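Reader: I would like a close look at one part of this chain, with the surroundings described as far as they can be. Please keep to what the coordinates support.

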Amino acid sequence: MKKETILDTLSFIVGLVTILLVVFFKDKMNYLLFSLAIGGSLFGIILIMKKSNYGYLITSLGISLLGSVLLYRFNILDRPDAVTFMITGSVFSLMVISMIFSVINDKVNKKECSLLIYGEVVDLVKNPNTKDEYFQPIYEYVVDDKPYQVAHPKFLNKKIPDIGSKHKIYVNPKKHEDVYFEKEPIDKLYDYGISLLLAIVSLIIIITLFV
């Protein structure tokens, strides 16, 4: 059975069980929230494994909800502080999970797409949904004398490459249509810096709740 099929089956089971538990515990708020928290966390992890960005958000919400319910249930925090913990905990969890899986995904993608080649920019497609100048580069590359074309995963408004210029592309040696575009070091530094800043601010707020 393919990995994608297994993950789809697991997500269906987790979603169905969570819905059934929510209906069953509809009159018992604590158990209902526990069900949502655990089910949401599991569902989010499955989405992360399916390489969906929504997985990070759902997982962080589930984890922070579980923590806030436990803290309120054992009278460690009152309701307003528990809600604050859930919000800031979600941000903290999201930033930490994003950074961890960003490193993991980068290593996995590089392992799967281990063939380094240079693709040539053959076209720049303008984003029709914005008035600003956003372009998506189209790259052409050749593997085993066979040409392939692939679009950059994002529309760019800065550092737009010129047509005819060549750039690094990591290609899956077993499936040449699969490629990986490595982020520029400055872009990685910016992403990690923002995530770390938000995580620190959220952590400070969480600590003040217990002081």
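Author: Lys188 counts as partly exposed because its relative accessibility is 22%, and the cut-off for buried is under 20%. The model is predicted, and this value is computed from it. Lys188 lies in helix α5, which covers residues 185–208. Leaving out residues up to four places away in sequence, Lys188 touches Asp106, Glu182 and Lys183. Lys107 is 81 residues from Lys188 in sequence, and their C-alpha atoms are 14 Å apart.

Asp191 lies in α5 as well. Its relative accessible area is 29%, so Asp191 is also classed as partly exposed, the range between the limits of 20% and 50%. A separation of 10.0 Å lies between the C-alpha atoms of Asp191 and Ser102, although the two are 89 residues apart along the chain. An α-helix has 3.6 residues a turn, so residues three or four places apart point the same way.

Helix α4 spans residues 79–112. Together with α2 (29–49), α4 is part of what covers the buried residues of α3. Helix α3 runs over residues 54–73, 20 residues in total, and its end C-alpha atoms are 28 Å apart, close to the 28 Å expected at 1.5 Å a residue. Its buried residues include Gly55, Tyr56, Thr59, Gly62, Leu65, Gly67, Ser68, Val69 and Leu71. Just after α3, Asn75 has a positive phi of about 60 degrees.

The second largest pocket has a volume of about 190 Å³. Helices α2, α3 and α4 are the elements that each give two or more residues to its lining. Among the lining residues are Met29, Asn30, Leu33, Leu65, Ser68, Val69, Tyr72, Arg79 and Met86. By class, the lining holds 8 nonpolar residues, 2 polar and 1 charged. Leu65, Ser68 and Val69 thus appear twice: they are buried residues of α3, and they line this pocket.

The strands remain. They form an open sheet of 5 strands in the order β3-β2-β1-β4-β5, with antiparallel pairing. Its edge strands, which pair on one side only, are β3 (146–151) and β5 (179–180). Strand β1, residues 115–126, runs antiparallel to β2, residues 135–143, and 6 bridges join the two. Lys126 has Phe135 in β2 as its bridge partner.

How values were computed. Residues numbered from 1 in each chain as written. Predicted model: local features only at pLDDT ≥ 70, side-chain atom pairs only at ≥ 80, totals over all residues. Heavy atoms only, no water. Helix = DSSP H or I, 4+ residues; strand = E, 2+ residues; numbered from the N terminus. Expected span 1.5 Å × (residues − 1). Buried < 20%, exposed > 50% of the residue type's maximum accessible area, 1.4 Å probe, protein only. Contact = heavy atoms within 4.5 Å. 1 Å grid on protein atoms, 1.4 Å probe; cavity = no way out; pocket = protein on both sides within 12 Å on 5 of 7 lines; lining within 4 Å. Points joined across faces, edges and corners; volume = space filled by probe spheres on them. Nonpolar A, V, L, I, M, F, W, Y, C, P; charged D, E, K, R; others polar. Pairing = 2+ DSSP bridges.
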